[in-house]
Amino acid sequence: MGLRVPHCVSASPRESETQVDIPPTYVYIVSIMPAPAPLGEFEVVVLMAVLHLDGNAYGSTIRAEIERRSGRRISRGSVYITLDRLEDKGLLASKLERASVASRGGRQKRLFRVTPPGLKLVRHSVSLLARMQEGLEPLLGEP
Amino acid sequence: MPRLLWRVVEWRLSRHMPPRHLGPALGDLAEDYAARRRSSGRLRADWWLLRESRSLASAYRMRALGERSSSSSRATVDALRFDLGQAWRAIRGRPAATLATATVLTLGIGLVSAMFALADPYLLRPLPYSQPDALVALYPSVRTLEAPPPTLDDWRRRTDLFARLAAWSDIQNLDVSNGDRGAVIPAVSVSPDFLPVLGVPMAAPADWRQRDDSAETPILLTTDVARRLFGPDAPVGRALKSAPENGHTYRVAGVLPSTFLFPSLGMGGVGGLIPLGDVPLVRVRRSLTGQTVPDGSLRLLARVQPGVTPERVSAALSTTTARGREATEPGVRVVTDWLPVEMRGRLRPLALGALGAGLLILAVCAANIANLLLARGASRVHEFATRQALGASGYDLARLVFIELGCLAIMGIGGGLLLAAGAIAVVATVIPSQFTTLGAPALTWRVVWFACASGGVVMAAGIVPAWAAWRVAPATILAQSALAESKSMRRLRYGMVMAQSAVAVVLLVGAAMLVRSYAALFTQDTGYAGDTFAVRAVYPRSLSVDAVRADIIATVERLRHLPGVSSAAATSGPLVENLSMGGAASLTVGTVVVPRARAVPVTSAFFDTMRSRLITGRLPAPDDHARTAVVSATLAAMCCPDASPVGRVLLSGSRPLEIVGVIGDIYDNALDQHPMPRAFVPIETSAAGLSTTTYVLRVERVGPDLGALIAREISAVNRDASVADGSTLRDRLLRSVGDRSFTTLVLTFFAVAAVSISAAGLVGVVSFAVARRTREIAIRRAIGASASHVRVLVAREAATAAGLGAIIGFAVGTWLSRTLQSFLYGIHPGDALSLVSAAAVMLAVVVIAAWIPARRALRLSPTIALRTE
């Protein structure tokens with residue numbers, strides 16, 4: 001998470017010269033970025049989908065699993081980007097499947113599995129939710 | 001798997017995804033694609049694949065840009081907003097260049113859109129009939145009656161050819177009134193199935209047939225006529241009395257839809273439809289020798305069976321008659337054509353030509369825009385290089401140029417549509433009726449779409465500068481102090497200047513010739529005063545010459561006493577109505593026979609009323625009018641080249657006449673037709689040819705009801721005379737050259753636009769040359785170069801290119817001017833004055849366009865100029 005800097009950067013030493021705008025959205029000051037946040041909801045969902053698929057988790061199946069269980073459409077981009085991010089955080093590991101399949105145009109599958117730290121974080125998230133839910137049963141109903 | 005599609009997808013993803021993830025992602029897509037293709041078909045699957053890959057690529061791109069949100073649509077909107085902001089800043093930061101570009105775009109798009117609006121009825125606008133492509137127009141002509149002529153029912157039974165067949169007959173003018181308002185309605189008699197054949201959404205009245213004279217006849221009115229006669233009241237069921245008092249009554253049976261168009265071009269002004277009685281397909285009449293001969297036939301309109309062509313119809317219905325032993329001659333000949341082809345046909349090539357000229361201007365515009373942007377792009381290398389150094393890709397820069405161009409194009413389309421609307425409004429007032437037979441030009445949605453498409457064409461021209469922006473490498477700028485431009489680019493830009501200048505000069509030469517011709521038309525002496533008011537009357541052919549003559553003299557007498565009329569006269573035939581006056585004749589003056597000369601019967605006050613110019617001799621006096629004649633200058637020159645014809649004898653009509661004077665030639669047909677030899681003879685001596693008579697009047701003031709007043713006087717003497725609308729001779733002269741006025745106007749407009757556009761292009765190019773050489777100019781100025789030296793230095797290259805283009809255009813224009821031959825009057829193609837004036841205009845434009853930016857170079861202070869690098 002970056003901090004937005006709401007001003008332009010002048011790329012020229014003189015005012016009369018060309019001034020170049022950089023969109024404020026794209027400028028981040030890296031040094032003050034906060035520590036990694038706890039898992040977001042979608043990340044937990046993706047991790048759980050990988051757990052459900054148990055050995056056959058790759059882009060298409062993960063997306064299909066989430067769509068099947070949640071009943072809503074998920075964009076392919078968001079799934080892939082989340083998978084990449086979770087892998088960068090070390091919560092997922094991926095490997096390319098050796099044998100390529102003809103129906104995939106001869107392309108390999110990138111199979112994912114949840115790493116022990118990933119499993120730990122999922123457990124943590126689930127128990128956190130459960131603890132937070134205690135005492136709210138009259139409002140929220142039984143899980 | 002369609003290979004191309006997958007290559008596109010792979011290319012798209014490869015630009016944003018890490019390479020090691022690309023293969024598996026493509027595999028996933030392929031798997032889902034295969035499933036989708038099985039369930040919803042290939043086309044949907046392809047479409048899904050394109051969308052899916054776009055969203056995936058966009059998500060990765062946004063991640064690369066550091067966008068936290070993975071919602072691709074929001075990110076796209078953000079990026080677009082940013083790009084738009086940048087483009088707007090760039091546009092606003094250079095108001096002069098923006099103005100030049102927007103002006104060029106506005107001119108190009110506006111002009112081509114106006115041209116399209118004009119040509120559209122003849123190219124794309126559908127005819128207002130249901131399935132017009134199955135309609136065929138038939139014009140049967142019968143040569144002999146040796147075999148019994150075919151009947152309409154014979155042909156209606158040809159169900160192998162026709163689904164339906166309708167007939168219509170000649171146009172006739174109904175002079176009717178509803179009690180308070182009167183009108184002359186040009187009406188056509190049509191058979192009951194006429195409207196169903198056309199597919200006009202309107203039911204013909206059930207009793208659609210001609211009754212005997214005592215009963216009422218149903219009539220269908222066009223929307224215009226109904227409004228003119230009845231205003232906002234409902235016209236259906238109202239009665240129209242035929243005037244004068246002969247009393248036939250028409251009952252309005254309905255009003256045709258406002259889009260109704262009579263399916264024959266010559267009938268553009270049809271105002272009503274009446275039932276066709278029991279008229280046979282082929283009319284017959286008895287000739288002078290007592291034989292029965294064919295006398296014209298009905299015209300037909302058919303909805304043909306599928307697969308039937310006009311050629312087949314023509315072949316099936318035409319017959320030949322044996323003539324002599326071997327030769328045959330056509331008995332019944334049927335000329336057929338598809339109705340849309342027939343209606344559009346004549347003007348379609350003209351429309352295409354006009355549209356082509358418009359597109360040529362648009363192409364010049366696009367080249368100009370590319371040129372301007374190229375120059376601007378070159379002057380922005382610093383900016384682009386800095387952007388690149390900060391991480392913008394070539395794609396980002398090209399996108400920036402494109403979005404800038406898009407903003408300019410939107411401005412251009414808006415301005416162009418405004419210009420087109422203005423041009424259409426102007427054109428609508430001057431366009432001759434022969435160019436609006438299928439409907440007047442209008443700013444329709446199709447025109448708007450066309451304008452947008454034209455904007456798109458100009459956007460395509462932006463590829464050149466976008467490509468140039470893409471190629472900029474940051475190192476080049478730091479290495480070069482001057483504004484960089486490769487030799488080939490410069491050649492390209494000067495080539496474009498040359499081409500524009502050539503096109504402008506070609507149009508300018510044409511326009512100059514037409515303007516000269518037009519001026520020549522209106523400076524010639526027509527032989528009469530333009531404010532003379534004229535009304536044509538046609539008397540029934542059944543009347544004897546003496547009876548008509550008596551009526552004419554009586555009418556002139558009545559007209560002379562109308563309030564405000566100072567003199568009145570009559571002459572035989574139409575006057576300045578662009579109507580042919582029949583076959584050639586000859587006159588005998590003394591012993592000389594003058595071919596193609598005609599005697600025109602006139603009443604005594606004719607020359608005074610027309611204000612004719614007397615050259616020699618005298619005008620007939622009231623007492624000897626019946627014995628004397630006056631000849632025109634052309635006739636005088638033909639019969640007596642060396643002497644005056646005054647005193648000689650003219651043999652014409654019933655008795656010899658003494659020629660007493662010569663008057664200036666009278667332009668009695670059209671302003672652009674040289675006067676023929678004429679002898680003006682007393683109406684008392686004419687033996688024939690009085691049934692068409694034109695009354696001329698000298699009036700104090702031409703009021704709106706003058707024509708009606710005169711018509712009433714004419715009808716009062718002979719109620720069977722039909723009277724056409726009156727107008728002044730000046731109006732008639734203008735109308736007689738209406739198509740020339742229009743062609744001149746359009747070509748001049750084009751030429752002015754082309755010259756303006758190429759001037760704008762020249763300004764842009766010279767400005768760029770100034771910007772590029774600022775430092776050099778400053779150094780030269782500092783070491784003592786004169787102002788004129790600097791001016792020549794910066795303007796030389798562009799002016800040379802424009803000058804070369806002008807020379808090419810001059811040669812091509814001179815050569816092409818031969819094609820204008822039929823539009824020229826009083827001058828020859830290659831007319832020196834036109835060529836010189838076109839050259840002078842272009843030269844002046846080149847000098848001014850080059851001088852303005854060159855002046856700017858001189859105003860720069862050397863110290864500032866040296867610092868800018």
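## Burial and contacts of B:Arg125

In this predicted model, B:Arg125 has a relative accessibility of 18% and therefore counts as buried, the cut-off being under 20%. The residue lies in chain B, in the loop that runs between α5 (95-123) and β1 (135-142).

Beyond its neighbours within four places in sequence, B:Arg125 is in contact with B:Asp120, B:Arg344, B:Leu438, B:Gly439, B:Ala440, B:Pro441, B:Ala442 and B:Arg446. One of these partners, B:Gly439, is separated from B:Arg125 by 314 residues in sequence, yet the two C-alpha atoms are 9.4 Å apart in space.

## Helix α25 of chain B

Helix α25 of chain B comprises 30 residues (787-816); at 1.5 Å a residue it should span 44 Å, and the distance of 41 Å between its end C-alpha atoms agrees with this expectation. The helix α25(B) nevertheless bends by about 50 degrees at B:Arg796.

The buried residues of α25(B) are B:Val790, B:Leu793, B:Val794, B:Ala795, B:Ala798, B:Ala801, B:Ala802, B:Gly805, B:Ala806, B:Gly809 and B:Gly813. Their cover includes four helices of chain B, namely α17 (487-523), α23 (738-772), α24 (774-782) and α26 (832-859).

## A nonpolar surface patch

Helix α26, which contributes to the cover of α25(B), also contains B:Trp851. With a relative accessibility of 39%, B:Trp851 counts as partly exposed, because this class lies between the limits of 20% and 50%.

B:Trp851 belongs to a nonpolar patch on the surface, together with B:Leu843, B:Val847, B:Ile848 and B:Ile852. The accessible area of the patch residues together is about 490 Å².

Note on methods:
Residues are numbered from 1 along each chain as its sequence is written. Chains are lettered from A and ligands numbered from 1 in the order in which they are written. This is a predicted model: local features need pLDDT of at least 70, side-chain atom pairs count only at pLDDT 80 or more; totals for chains, interfaces and linings use all residues. Side-chain values use heavy atoms; hydrogens and water are left out. Helices (H or I, at least four residues) and strands (E, at least two) are DSSP runs, numbered from the N terminus. The expected span of a helix is 1.5 Å times one less than its number of residues. The bend at a residue is the angle between axes fitted to the seven residues ending there and the seven starting there. Buried means under 20% relative accessible area, exposed over 50%, partly exposed in between (1.4 Å probe, protein chains only). Contact means heavy atoms within 4.5 Å. Patches are made of residues with over 30% relative accessible area and no salt bridge: like charges are joined within 9 Å, nonpolar side chains (Val, Leu, Ile, Met, Phe, Trp, Tyr) within 5 Å. Accessible areas come from the Shrake-Rupley method with a 1.4 Å probe; for residues, only the protein chains shown count as cover. A salt bridge is a side-chain nitrogen of Lys or Arg within 4 Å of a carboxyl oxygen of Asp or Glu.
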